[in-house]
Amino acid sequence: MIAKVCVDLPAKIVDKLYDYLIPPSLEDELEVGMRVIVMFGPQKRMGYCLEIVETSDWDQPLKPIVSIMDLESYLTPELIQLAKDLREETATCLIRIIETMLPAALKSKYQVELEVKDAKKLVAELQPYFSETPRRLLDKELETKIALIRKELKTGHLSQHIRIHSSAKMRTVRTVRLLEKETLAHTNKQETVLTLLKSKPLQEMAFSALVREAKVSASVIDSLVKQGIVDIREDEAYRSLFSLNPPLNKEITLNIEQVAAYDKIMAKIDSSQTFLLHGVTSSGKTEIYLKVIEAVIAMGKEVIFLVPEIALTPMMVSRFKGRFAEKVAILHSGLSQGEKFDEWRKIIRKEVPIVIGARSACFAPFTNLGALIVDECHESSYKQEDRPKYYAIDILKRRSETHQSPLILGSATPNIETYARVRRGHFELLELKKRAGAASMPTIELVDMKQEFRSGNTGLFSNSLKTKINETLERHEQVILLMNRRGFATFVICRECGHVFTCPECDITLVYHEADHTLKCHYCNHKSPLPKVCPKCQSDELRYFGSGTQKIEMELAQLFPLANVVRMDFDTTRTKNAHEILLNEFANKGDILLGTQMIAKGLDFPKVTLVGILQADGSLYHPDFRAPEKTFQLITQVAGRAGRRETPGHVVIQAFNPDHYAIHYSVENDYHGFYEHEMSLRRLAKYVPFYYLTQILLSGPNMRDLFIAAKAATKDLKAILSEAVIVLGPALPIVSRIKNRYLCQILIKYKEEPELNRALQTLVEHYTSDLIDLAIDRNPSLG
């Protein structure tokens with residue numbers, strides 16, 4: 001038998017499957033999807049067995065597989081085929097795509113081990129390092145002698161071996177089991193241990209619990225083991241996931257609109273129909289999801305449920321755990337490697353039928369999917385910006401077709417292209433036009449900040465918003481404030497010479513962070529202390545311009561000193577479980593929740609009756625054709641956090657350009673009006689949904705060489721693609737240098753283009769080099 005193996009080397013030149021002989025001793029053990037160790041050239045490498053066939057087309061003797069790393073397969077045939085398809089579409093190495101799909105714990109680590117072959121001839125300077133052992137890992141100490149080591153490797157005095165380590169570690173617990181029930185103990189402490197074990201239904205306890213409850217040392221139990229009275233075994237145990245939110249099971253009777261939506265979904269539960277569940281904020285979309293999931297798992301099938309942010313996961317998990325108990329696995333980037341590995345194995349082992357998580361959960365290894373659900377489907381966080389670039393909703397659409405199960409997309413503000421598919425008959429529309437229960441839509445007040453400035457108010461808060469916050473706090477209700485920019489000041493400038501502090505590695509200004517008095521780059525994470533004087537003219541006339549969440553927090557402390565303000569942005573949520581801790585703090589004792597876009601959707605706090613949106617038009621004039629749509633979505637979503645129960649809600653929107661159509665339609669809560677307006681503009685500009693877009697992003701250390709390659713690539717594209725295709729560029733993106741690598745982009749607009757995949761593969765093969773990198777994005781408009 002022959003195994004076709006994808007070797008763990010992310011290089012285009014070796015991006016193919018290699019044939020290896022399966023030794024007779026491994027034929028019954030090896031399964032498709034398992035990790036194996038193989039000899040690749042002179043070195044051992046990890047690889048994934050992606051196919052098992054009878055014969056090989058290779059006419060030379062095949063190397064055998066060295067060993068198998070896994071006891072179970074972690075890749076399903078569906079995911080393997082999906083990985084191959086993504087390789088063709090994104091021109092990304094197959095191993096990179098597989099690593100993206102799987103938990104990081106399954107990625108192997110390689111260490112170089114050096115062995116002395118001839119100690120007498122080994123250069124004297126290296127001999128002390130091998131005085132105690134002929135084998136030693138190439139560590140930091142030895143790396144200082146790397147030039148000498150290379151010479152000795154060439155002469156044969158040293159040889160090198162590759163050690164392969166897996167990060168995938170199973171957690172185990174020690175269990176003490178009673179063997180001889182009638183045996184008399186020799187000491188009082190032993191008698192205490194035996195009495196405890198006899199009181200348990202299975203006469204066994206976890207070792208740590210037994211030591212703690214019996215108040216004895218480990219040696220007491222060890223002596224019982226030696227006497228044959230008890231034994232100790234190692235049992236595999238999953239890691240417990242941290243949660244402050246208890247399971248919440250609130251059964252809700254569906255209203256007429258919800259019943260109609262549910263019935264339409266269930267009527268096509270055995271098809272690959274895509275539904276758009278378009279409901280206003282707080283219309284009860286989650287309860288429909290739960291009812292559908294309940295029906296699907298009753299049929300013995302499985303469900304993937306995506307949420308856009310880690311911040312939403314704890315609240316949603318609480319609802320799911322309350323309804324489905326331990327039938328739920330969780331997958332998102334906030335988990336540790338071990339936790340994510342455990343959750344993946346629960347799915348592989350068929351121990352759970354439901355997975356809830358962020359973008360990466362779209363690759364959950366289910367084999368009998370009955371429904372796929374995406375909450376807040378308009379969110380750009382479903383798009384991965386790192387390579388390989390993929391869009392989770394596209395992945396789920398393919399899986400929906402494979403399993404003939406429905407895909408349900410839910411949102412109050414769906415993307416323009418999603419709603420266009422409804423209009424064209426590709427998706428089925430389900431509408432929820434009213435809020436569930438007794439809740440009503442909040443009243444919205446629009447404040448022109450130009451008028452505030454003219455009247456003498458130069459602060460960040462309008463007089464109306466300050467008054468409303470004060471009144472809300474006096475009623476012991478809660479406030480949410482959105483400021484979609486973190487940090488304290490967006491840039492620092494010298495008033496004497498005009499010098500602006502910029503990142504040394506990126507073409508972008510540094511943002512001042514008051515908390516640690518540093519200047520930070522939000523692209524490459526460069527960080528430096530704020531100097532006391534200008535580095536150019538030595539003047540101390542440094543001024544801060546712009547504002548972020550830190551500055552807002554400081555002003556809130558001055559305006560409302562008794563209020564408990566919880567700030568939630570990238571800086572405060574870096575640590576593990578920080579999202580859940582902050583949301584729990586706000587729910588239990590917070591007065592004001594201040595944050596960036598991560599607080600704008602999905603959160604449900606009964607006591608929130610006021611929402612304030614600062615600089616609502618701040619993102620309107622970014623060089624992005626989707627800027628108005630993103631602004632409309634953000635305002636509408638965060639406004640929907642107010643008044644979600646019986647108490648009416650109020651929203652204050654602050655803007656310097658209140659007459660912009662995106663703000664106008666969001667104030668009116670008029671999605672259809674915004675859709676028609678935006679479609680008319682995109683039709684003229686030839687953007688989605690009238691044209692598909694593909695972006696080619698080239699990067700390199702030298703601007704001139706980069707543009708020469710980009711111009712040649714553009715010429716090749718035009719030669720391969722049909723005349724109907726529009727090729728734009730090369731041109732500089734918004735930020736033209738990141739981490740000391742210059743960037744330029746080529747944009748392709750097309751309606752149908754059968755030669756696109758071939759053209760992209762050609763570009764990758766011809767223009768990727770050690771100096772120039774080329775990345776392909778099939779959904780650039782979603783970033």
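## A walk through the model, starting at α17

Start by selecting residues 578-589: that's helix α17, and I581 sits in it. Keep in mind as you click around that this is a predicted model. Color I581 by accessibility and you'll find it partly exposed, at 41% relative accessible area. Now add F242 and L244 to the selection. Together with I581 they make a nonpolar patch on the surface, with about 240 Å² of accessible area between them.

**Next stop: helix α15**

Select residues 463-474, the twelve residues of α15. Want a quick geometry check? At 1.5 Å a residue the helix should span 16 Å, and its end C-alpha atoms are 17 Å apart, so the two agree. Now show side chains for S464, L465, I469, T472 and L473, which are buried. Which side of α15 do they take? They cover an arc of only 160° around the axis, so they sit on the same side of the helix.

To see what that buried set packs against, bring up five strands: β19 (443-448), β20 (478-482), β27 (592-595), β28 (608-613) and β29 (650-655). Before you leave, click on H476, just after α15, where phi turns positive at about 60°.

**Salt bridges**

Switch to charged side chains. Side chains of opposite charge can pair when their charged atoms come close. Counting them up here gives 57 salt bridges, and a few are worth a stop.

Select D70 and R35 to begin with. Their side chains meet in a salt bridge, 2.7 Å from N to O. This pair links distant parts of the chain, 35 residues apart: D70 is in the loop between β5 (67-68) and α1 (77-90), while R35 belongs to strand β3 (residues 35-40). Buried or exposed, what is D70? At 7% relative accessibility, D70 counts as buried. R35 is buried as well, at 3%.

Then jump to E204 and R233, another salt bridge, whose closest N and O atoms are 3.0 Å apart. Here too distant parts of the chain are linked, with E204 in strand β10 (residues 204-206) and R233 in strand β11 (residues 230-236), 29 residues apart. E204 is partly exposed at 23% relative accessibility, and R233 is partly exposed at 29%.

For a pair inside one helix, select α11 (residues 337-348): E343 and K346 both lie there, three residues apart, about one turn of the helix. They form a salt bridge with the closest N and O atoms 2.9 Å apart. How accessible is E343? It is buried, with a relative accessible area of just 1%. K346 is buried too, at 14%.

While charged side chains are on, select E72, E236, R239, D342, R345 and R349 as one group: they are linked in a network of salt bridges.

**Last stop: H660**

Finish in the loop between β29 and α19 (661-667), where you'll find H660. The residue is buried, with a relative accessible area of 16%. Which residues does H660 touch, leaving aside its neighbours within four places in sequence? Show L620, Y621 and P628: H660 is in contact with those. One more distance to draw: from the C-alpha of H660 to the C-alpha of D617 is 8.5 Å, though the two are 43 residues apart in sequence.

Notes. Residues are numbered from 1 along each chain as its sequence is written. This is a predicted model: local features need pLDDT of at least 70, side-chain atom pairs count only at pLDDT 80 or more; totals for chains, interfaces and linings use all residues. Side-chain values use heavy atoms; hydrogens and water are left out. Helices (H or I, at least four residues) and strands (E, at least two) are DSSP runs, numbered from the N terminus. The expected span of a helix is 1.5 Å times one less than its number of residues. Buried means under 20% relative accessible area, exposed over 50%, partly exposed in between (1.4 Å probe, protein chains only). The arc is that of the directions from the helix axis to the C-beta atoms. Contact means heavy atoms within 4.5 Å. Patches are made of residues with over 30% relative accessible area and no salt bridge: like charges are joined within 9 Å, nonpolar side chains (Val, Leu, Ile, Met, Phe, Trp, Tyr) within 5 Å. Accessible areas come from the Shrake-Rupley method with a 1.4 Å probe; for residues, only the protein chains shown count as cover. A salt bridge is a side-chain nitrogen of Lys or Arg within 4 Å of a carboxyl oxygen of Asp or Glu.
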